[in-house]
Amino acid sequence: DKDFVYPEIDKIGKISSATVYNARHIEKILELPLVDPGIIKKAGFKVAVDCVNSVGGIIIPDLLKALGVLEVIEIYTEPNGQFPHNPEPLPEHLTELSEKVKTSGAHIGFVVDPDVDRLAIVDEHGNMFGEEYTLVAVADYVLKNTPGNTASNLSSTRALADVTRGYGKKHFASAVGEVNVVAAMKEHDCVIGGEGNGGVIYPELHYGRDALVGIAMFLTYLAKEGLSVSELRKKYPAYVISKNKITLSKEDNIDEVLSKLKSRFSDYPIN
């Protein structure tokens, strides 16, 4: 219709601003039955945290203080997006946090990735708790209080399955990818799940990886058990997992590679 006048794009809809969501996120975590700020405060924890100068620096110090942590030692918490080291939370990238934990006498060190969905832990000696064991420890705490099934992707330690079976429940493995883990969790009514890269998914809060809820439940568990981080780590199997990246050329036949792998390991169960 040539007589119809379309509105300019800038005049369609409206823009609103809300700055309450960090506080609301923390509030929802504090309301969880398995999170106990009182016992955390009583434990008098001294915590070091590395947020790689990303969004974790906005919210994690606030979370730790709201949880009752006695002292928060901040490393790289200015959210300017300038990563001071490789942001993937692997041992070789966390030497500064490890050293800070040792020199400051902190009970524990936490590190997150830039979007705060992966959580890695450093013990009181500056040693890595093991990225694979973040989910294992948090799941152990959840299962101890609310027994149920668990799920993780196929790129995760079997220690979670061991812990789950110890409570008489079932563990389910999914294809790699957060959406696949969530689908498995919903299908099998899992009380907790996640990925071996430090991604904790706790449905009581929401179906997504969340380092914040992982921190809150880990500290509560640690305080309730009255153990050091290194002592807690000894409760779990000392499995070794090898995750390596390889570069394939255009000439490589992936189906042939997988077929040879299947043949090579034919005496073992393959999932």
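This is a tour of one predicted protein model, stop by stop, with a selection to make at each.

**Settings**

Residues are numbered from 1 along each chain as its sequence is written. Because the model is predicted, local features need pLDDT of at least 70 and side-chain atom pairs count only at pLDDT 80 or more, while totals for chains, interfaces and linings use all residues; side-chain values use heavy atoms, with hydrogens and water left out.

**Whole chain**

Start with the C-alpha trace, which spans about 75 × 55 × 40 Å along its principal axes. Colour by secondary structure to bring up 10 helices and eight strands; these are DSSP runs numbered from the N terminus, helices being H or I of at least four residues and strands E of at least two.

Next, colour by relative accessible area. Of the 271 residues, 45% are buried, where buried means under 20% relative accessible area, exposed over 50% and partly exposed in between (1.4 Å probe, protein chains only). Turn on the surface: about 15000 Å² is exposed, and carbon and sulfur atoms supply 51% of that area. Accessible areas come from the Shrake-Rupley method with a 1.4 Å probe, and for residues only the protein chains shown count as cover.

Among contacts (heavy atoms within 4.5 Å) with a separation of 6 or more, 65% are between residues 24 or more positions apart.

**Two loops with positive phi**

Select Val52, in the loop between strand E1 (46–50) and helix H3 (56–66). Its phi is near 45 degrees, a positive value in a residue other than glycine. Val52 is buried, at 0% relative accessibility.

Move on to Tyr76, in the loop between strand E2 (71–75) and helix H4 (95–104). Tyr76 also has a positive phi, of about 55 degrees, although it is not a glycine. With a relative accessible area of 25%, Tyr76 is partly exposed. For context, most residues other than glycine have a negative phi.

**Helix H5**

Select residues 132–145, helix H5. Is this helix enclosed or open? Because 12 of its 14 residues are buried, H5 is largely enclosed by the rest of the structure. The buried residues include Glu132, Asp140 and Tyr141 along with Leu135, Val136 and Val138.

Keep Leu135 displayed and add Ile201. Their C-alpha atoms are 8.6 Å apart, with their positions 66 residues apart along the chain.

**Ile201 in strand E8**

Centre on Ile201, which belongs to strand E8 (residues 199–201). Ile201 is buried, with a relative accessible area of 0%. Leaving aside neighbours within four places in sequence, the residues in contact with Ile201 include Val181, Val182, Met185 and Ile192. Glu178 and Arg209 are also among them.

**Charged pairs**

Now show Lys, Arg, Asp and Glu side chains. The positive charges number 29 and the negative 38, and their mean positions are 5 Å apart. Lys and Arg count as positive and Asp and Glu as negative, without His or the chain ends; each charge is placed at NZ of Lys, CZ of Arg, CG of Asp or CD of Glu.

How many salt bridges are there? The count comes to 13, a salt bridge being a side-chain nitrogen of Lys or Arg within 4 Å of a carboxyl oxygen of Asp or Glu.

- Arg118 and Glu131 form a salt bridge at 2.5 Å, N to O. The pair links distant parts of the chain, 13 residues apart: Arg118 is in the loop between strand E3 (108–112) and strand E4 (119–122), and Glu131 in the loop between E4 and H5. Both residues are buried.
- Glu31 and Lys28 form a salt bridge with their closest N and O atoms 4.0 Å apart. Glu31 is partly exposed at 48% relative accessibility, and Lys28 is partly exposed at 44%.
- Glu256 and Lys260 form a salt bridge at 3.3 Å between the closest N and O atoms. Both lie in helix H10 (residues 254–264), four residues apart, about one turn of the helix. Glu256 is partly exposed at 41%, whereas Lys260 is exposed at 53%.
- Asp117, Glu178, Glu195 and Arg209 are joined into one network by salt bridges that share partners.

**Nonpolar patch**

For the last stop, select Ile246, Leu248, Ile254, Val257, Leu258, Leu261, Phe265, Tyr268 and Ile270, which make a nonpolar surface patch of about 880 Å². Patches are made of residues with over 30% relative accessible area and no salt bridge, joining like charges within 9 Å and nonpolar side chains (Val, Leu, Ile, Met, Phe, Trp, Tyr) within 5 Å. Within the patch, Phe265 is in the segment after H10 and is partly exposed at 38% relative accessibility.
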